Amino acid sequence: MSHPNDFEEPLPEDMGATPASEPKPSRARWVAHQARELFRLRLDKSSTRVGWVMFGFMALFCLILGRLAMLAITPEEPEGIRRFADASTSAARPDILDRNGEVLATDVRSVSVFAEPRNIIDKDEAVELLTAVLPDLDARDLRAKFNKRRGFVWVKREITPRQQAEVHRLGIPGVGFVPEAKRVYPNGPAAAHVIGFASIDNVGIAGMEKYIDSRGLQDLAGAGFAREATDLKPVQLSVDLRVQHAMRDELVKGMQHFRALAAASMLIDVNSGEVISLVSLPDFDPNNPVDALEKDRINRMAVGVFEMGSTFKALTTAMALDSGKATINSSFDARTSLKYGRFTINDYHGTHRILTVPEIFVHSSNIGTAKMALAVGVDGHKAFLKKMGQLDRLVTEIPENAQPIVPAKWGELNTITISFGHGVAVTPMQAASAVGALMNGGYLVKPTFLKRSEQDARKGAPRVIKPETSEAMRYIMRLNASVGSASKVAVPGYFVGGKTGTAEKVVRGRYAKDRLFTTFMSTFPADKPRYLLVTVYDEPKAAPETHGYATAAWNAGETSGRILERVAPMLPVVPRFEPPQNPFPLMAKLNAWGVKR
């Protein structure tokens, strides 16, 4: 018997329709009735209840398993963990060494703090605690990060072990640590413009650091072959750290003494093309390169383009000799000014007489140099400078290389002014490369910042002048250091040759006589050159001992002499305190001017 309060369950055949006289029950009431019946204590309903409960638990377990599978395949919360794992793989960089094996750049293990805002219970408290132990954090910025619906944010990169311990003691849920590789430069600003620097993510930004990335480092790291710096072969540079320190020290002193806007110097092996040292001031500390991208921090040897002044006369002289339009004993009339249209060319310290080729160089005669260039002609002049690499961008391992500024229309007047270093602007490294070819027997060797042998350098180096021309240029450079404007670099024992160059800077389209760019190029030993030193100053001022002059011999020449005195003993060049016997045999045979001095 059924209970009088029991609801008569409709038979299956009655479910499809109701009598027209009775109201149709709503679906909601039927569902509510079924739910009540499920929990009524009746034996005949127990199996149904058990089935529903089992179904509920199975659905719950399936939901949990599905969620776990989703997290394993496409994680949301651990996205940050995967990101810094990938970053850790790509962060490893090889050590950078100098030519003697001294470490210039290396990786050290560091720790960074991250947070998962979705897992932080009290965000305001977390911000308050973290800024207490990491006071350099911006509380407003950190709070904004925490209030975003993100799975991962950086709190602070590269913290100290003490800071890590303090953050760990806070015990904030959702805050953790990531092991990272931090790039360290043990020698601070030494060779900063050569090495460059890496970002906080250990990606090369400038210099050799960027070159390393361009050689496929990131692809190698992404493939899992570069998880630690020890997995990678060190990169050995041509730079000598000892020479670098000495050169920078002398440049810092010189820049302060001559109150220059900037200074730079470079020592290059003319046979292998190796850059032994390069300093450009102002520089920066790659450990904290906050000011590295400021305009005055450029690498003036490779990025700055300047009119090189009288140092360009070495190229003009070599061109005239190599073309056969002049010999070492040729003479040119420098008694009067050279007029071209409304322009007049004069000498800075005119002799007002006929000069031989060596005398033109020693007296730095603009008139004589221009006449040598005119003898070769416009087309020949342009072709020679093109061959010497002065009209195209010089490409080296470091990405910072500038395009030279060349006149769009090149006529006789251009040849006249370019012959003595005005009208074409090149980088000092570019000019040094060409002068190096004049010294090494005639091979245009491209500069390199990697250690390289002379044999490897010569494989791709074209011959640009005859050996006889090279001897003549070595002779003239040595003569200028003996009796000419390069005497300040005549360091005893090293048989040095050199050439000064002073150019007025262009300001608002006009040459400014009181704003100079000075250059000094010196080579040693002049009979068998091994090295070329280039020193430049940007807008140096007269000093008490310079008698009011700010030209190259008084500043760039003075500093070059001091640099050579310090660095020459570090180099594989044996000093000779007796002059070499017959250092220039062809010049002696031709009885060139000054050979008997």
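Strand S1, residues 96–97, is joined to strand S2 by two bridges, and the two strands run antiparallel. In this predicted model, that pairing is a convenient place to enter the fold, since the connection between the strands can be followed residue by residue. S1 and S2 form a hairpin with five residues between them, and Gly101, which sits in the turn, has a positive phi of about 90°. Across the pairing, Ile96 stands opposite Ala105 of S2.

From the hairpin the reader can move along S2 itself, which spans residues 103–115 and is mostly covered, ten of its 13 residues being buried. S2 also pairs with strand S4, residues 175–184, through ten bridges in an antiparallel arrangement, and with strand S3, residues 153–159, in the antiparallel sense over four bridges. Phe114 is a useful marker for both pairings: Gly176 stands opposite Phe114 in S4, while in S3 the bridge partner of Phe114 is Trp154.

These strands belong to a protein whose secondary structure comes to 19 helices and 16 strands. Of its 597 residues, 50% count as buried. Among the contacts with a separation of 6 or more, 70% are accounted for by residues 24 or more positions apart. The accessible surface comes to about 29,700 Å², and carbon and sulfur atoms hold 56% of that area. One part of the surface can be picked out by residue: Val53, Phe57, Leu60, Phe61, Leu63 and Ile64 form a nonpolar patch, with about 610 Å² of accessible area together. Phe61, one of the residues in this patch, is found in helix H2, which covers residues 46–73.

Charged side chains offer another route through the structure, in which a search finds 30 salt bridges. One of them is formed by Arg93 and Glu209, whose closest N and O atoms are 3.0 Å apart. This pair links distant parts of the chain, with Arg93 in the loop between helix H3 (79–91) and S1, and Glu209 in helix H8 (residues 207–222), 116 residues apart. Arg93 is buried, and Glu209 is buried as well. The two residues also take part in a network of salt bridges that links Arg93, Asp107, Arg183, Glu209 and Asp213.

A further salt bridge brings together the side chains of Asp322 and Lys466, at 3.7 Å from N to O. Asp322 lies in helix H10 (residues 313–323) and Lys466 in the loop between helix H16 (454–459) and helix H17 (467–483), so this pair ties together parts that are 144 residues apart in sequence. How covered is each partner, Asp322 and Lys466? Asp322 has a relative accessible area of 14% and is therefore buried, whereas Lys466, at 40% relative accessibility, counts as partly exposed.

The side chains of Glu539 and Arg515 meet in a salt bridge as well, at 3.1 Å from N to O. Here too the pair links distant parts of the chain, with Glu539 in the loop between S16 and H18 and Arg515 in strand S15 (residues 510–524), 24 residues apart. Glu539 counts as buried because its relative accessible area is 9%, while Arg515 is partly exposed, with a relative accessible area of 31%. The loop that holds Glu539 runs between strand S16 (531–538) and helix H18 (556–567). Leaving aside neighbours within four places in sequence, Glu539 is in contact with Arg259, Ala260, Leu261, Lys505, Arg515 and Leu516. The C-alpha atoms of Glu539 and Phe258 are separated by 8.8 Å, although these residues lie 281 residues apart along the chain.

The last stop is Asp269, which lies in strand S8, residues 262–269. Asp269 counts as buried because its relative accessible area is 3%. A polar atom of the Asp269 side chain lies 3.2 Å from the backbone nitrogen of Ser272. Not counting residues up to four places away in sequence, Asp269 touches Glu274, Ile276, Arg530 and Tyr531.

Methods. Residues are numbered from 1 along each chain as its sequence is written. This is a predicted model: local features need pLDDT of at least 70, side-chain atom pairs count only at pLDDT 80 or more; totals for chains, interfaces and linings use all residues. Side-chain values use heavy atoms; hydrogens and water are left out. Buried means under 20% relative accessible area, exposed over 50%, partly exposed in between (1.4 Å probe, protein chains only). A polar contact is a pair of N or O atoms within 3.5 Å; within protein, one must be able to donate a hydrogen and the other to accept it, and residues adjacent in sequence count only if both atoms are side-chain atoms. Contact means heavy atoms within 4.5 Å. Patches are made of residues with over 30% relative accessible area and no salt bridge: like charges are joined within 9 Å, nonpolar side chains (Val, Leu, Ile, Met, Phe, Trp, Tyr) within 5 Å. Accessible areas come from the Shrake-Rupley method with a 1.4 Å probe; for residues, only the protein chains shown count as cover. A salt bridge is a side-chain nitrogen of Lys or Arg within 4 Å of a carboxyl oxygen of Asp or Glu. Two strands pair if DSSP finds at least two bridges between them.
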